[in-house]
Amino acid sequence: MSVEVKGLHFSYGRIKALNAVDISLPGGAIGLLGPNGAGKSTLLRILLGFLKPDRGEGTVLGYNIKNQQQLIRRYVGYMPEDDCLITGIDAVSFTSYMGELSGMPRQEAMKRAHEVLFYVGLEESRYRNLETYSAGMRQRLKLAQALVHDPKLIFLDEPTSGLDPQGRQEILELILDVSAKKDIQVLISSHILPDIEGVCSYVLILNKGQVASQGNLDDLKQVNYSLYELKIKGEEAGFVKGLESMKCRVEQTEDGLLKVYMPPDASPQQIFHLAAREKQQIRHFVKSQTSLEDLFAKVVGVD
Amino acid sequence: MTIKEKGYAHWDGNFVAKKFPWWPITRYGIKLTFRRKFFKLLFIMALAPGLVFLAGIYISERLEDFRFMIQGDTQFLSIDPTYFKAYFTNEFMLFMIVMMLIFCGAGLISDDLKFNSLQLYFSRPISKSDYFMGKAAVIVFFVFVVTLIPGLIFIIMKLLFAGNFEFLAKYPWLPFSVIGYSFLVTIFFSFYTLFLSSINKNRRYVAILIFGLYIFTDILFEIFEDIFRSEYFSLLSIRANIQQVGYALFRQNTPHDVPWVLALAVIVGFCVLGGFVLKSKIKGVEIVK
């Protein structure tokens, strides 16, 4: 397990940011999801040793989060959400500086800085002053500094925020490449669900400082419910009411489609029985793939 | 070239256990200072008094050769603790140190606060004290260049030019005074600059504070001294406190009728206060409550 945490509590004054959090994350790419204020950034900060937990314990790559923060930071890369840089220097100097601070010898850090800047696609502009970088270039640079010391695990806090669709796609490709082919574990905190769905195989969903759900993405999507999309002819209200009485969650789309989330123990035949009872015609019936968005909405309790 | 063509390669080197993990911070701080406009000129100007005093030491040992220049008045070229005191505590020297601090120290922490880079530092295996040491060492470097280094060079050159150890035998405590005073000034200005740099995110504002506070405390001292006719108001002045302790360390009569220990207490008190502020300001994350 790359990250293991038991009974983690943390408060900002009276506000409980994390409340009895137990997590056990395997390797690979892991998505950390949750609405604003769920405790995602707090969890990352505790794992990196920026904040001390009030209670609880945990390990990152086998190192204790309470007294081995320096070792954790040596083997973990961190890409912060905020726009952060060091002024007055170019990208090569910046990246090698970060490598040196991680404990790399000076010349090795410089050599490695060139390599990672090539990797993230900043080879042409690596001698430009950081102040002249665009938002997309800064995101890539933040990824480069997180990779310079060849970490075993990287924490990415909102890695695609502020990027245009193409830039976002390129960053996601890099993350996917690093996690899938380079044996580097990745923990991505994001509120952009398709990003997580495209890159991660395991998700951890936090809500109000507690773990709302965690597990393999495919399993979670399958186990929790089955999703059917259907269209009916006639009065919808009574039919929807009937579905809800069967413990189904129903969403109506603008084009008149009904998305029905059925409990795992329910059978789709019940929908047809209901339609017969309500004297409705089912004009369209498809078993649909559940998306991460659906799972998120279900466990967090938002539409 | 796209990212895929180049690819990612693992690093096959080994991390080294660095004795001074803060050294890269210092190196970059010094490097960036020298890149600042007009700093090189200022640096040379700050070194000028040292060269003049060094020339004085040389001339003092070659009075016969330079008699035409000094026209019989050899009094000002007697090399003794007064000569050292004159170099270390003269107002121009202190002023030049403050000017250098504006260039080398104003942005040391304020830039990191402005550009959110503290989290970049603290996501590396360095501690708060490493960060502080790295930043403080930038100031230490520039202040030592005009205090400790010239002071020790003066003593060595005096011995070399004289060709004997008579000077050292006469004033065996002088090297310790030079070292003690240099450390005092350097430690004080390190805390002074880092404290001011940590309280604002705008380096220009910090630069004004570094210069303004130094001048303002001096003006305050002179105004109060004029009104109340008490030399104890010298304790309000940064310059006066440093000079007071400096005179005492070089075993000279202090310029103000105030125990020099009080001046030292003010300096130490400021450093302690600065240390507390720095401790609370330097954090990996800014928590908005």
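These legends walk through close-up views of a predicted model.

**View 1. Where chain A meets chain B.**
In this view the two chains of the predicted model touch, with 40 residues of chain A and 31 residues of chain B taking part in the contact. On the side of chain A, the elements that each give two or more residues are α1 (40-48), α2 (69-75), α3 (91-101), α4 (106-119) and α6 (165-181). If you would like a place to start looking, pick α4(A), which supplies the largest share of this side, five residues. By residue type, the side of chain A that touches chain B splits into 19 nonpolar, 13 charged and eight polar residues.

**View 2. Helix α1 of chain A and the glycine after it.**
How many of the residues of α1(A) are buried? The count is nine of nine, and the helix is mostly covered. Walking along α1(A), you meet the buried residues K40(A), S41(A), T42(A), L43(A), L44(A), R45(A), I46(A), L47(A) and L48(A). Charged side chains are thus part of the list too, with K40(A) and R45(A) among the buried residues. Just past the helix comes G49(A), with a positive phi near 90°. This helix also belongs to the elements that give two or more residues to the side of chain A touching chain B.

**View 3. Helices α3 and α5 of chain A crossing.**
Here the axes of α3(A) and α5(A) come within 8 Å and cross at roughly 35°. The crossing of α3(A) past α5(A) is right-handed. From α3(A), the residues to find are A91(A), F94(A), T95(A) and M98(A), and they meet L141(A), A144(A) and Q145(A) of α5(A). This contact holds five nonpolar residues, two polar ones and no charged ones. A general point helps in reading such a view: residues three or four places apart in an α-helix point the same way, because the helix has 3.6 residues a turn.

**View 4. Two residues with positive phi in loops of chain A.**
As background, most residues other than glycine have a negative phi. D150(A) is not a glycine, yet its phi is positive, at about 50°. You will find D150(A) in the loop between α5 (135-147) and β7 (153-157) of chain A. K208(A), also a residue other than glycine, has a positive phi near 50°. K208(A) sits in the loop between β9 (202-207) and β10 of chain A. Are these residues buried or partly exposed? D150(A) is buried because 22 other C-beta atoms lie within 10 Å, whereas K208(A), with 16, is partly exposed.

**View 5. Q210 of chain A and its contacts.**
Q210(A) belongs to strand β10 (residues 210-216) of chain A. Which residues does Q210(A) touch, leaving aside those up to four places away in sequence? They are N19(A), A20(A) and V21(A). The C-alpha atom of Q210(A) is also 6.2 Å from that of L18(A), although the two residues are 192 residues apart along the chain. Q210(A) has 16 other C-beta atoms within 10 Å, so Q210(A) is partly exposed.

**View 6. Chain B on its own.**
Turning to the partner chain, you can count 15 helices and zero strands in chain B. Its C-alpha atoms fill a box of roughly 80 × 50 × 35 Å along the principal axes. Chain B has 289 residues, and 37% of them are buried. Among contacts in chain B with a separation of 6 or more, 75% join residues 24 or more positions apart.

Notes:
Residues are numbered from 1 along each chain as its sequence is written. Chains are lettered from A and ligands numbered from 1 in the order in which they are written. This is a predicted model: local features need pLDDT of at least 70, side-chain atom pairs count only at pLDDT 80 or more; totals for chains, interfaces and linings use all residues. Two residues are in contact if their C-beta atoms, placed from the backbone, lie within 7 Å. Helices (H or I, at least four residues) and strands (E, at least two) are DSSP runs, numbered from the N terminus. A residue is buried if 20 or more other C-beta atoms lie within 10 Å of its own, exposed if 12 or fewer, and partly exposed in between; C-beta atoms are placed from the backbone. Axes are lines fitted to C-alpha atoms, for helices over the stretch in contact, and angles run from 0 to 180 degrees between N-to-C directions. A crossing is left-handed if the near helix is turned anticlockwise from the far one by less than a right angle, and right-handed if clockwise.
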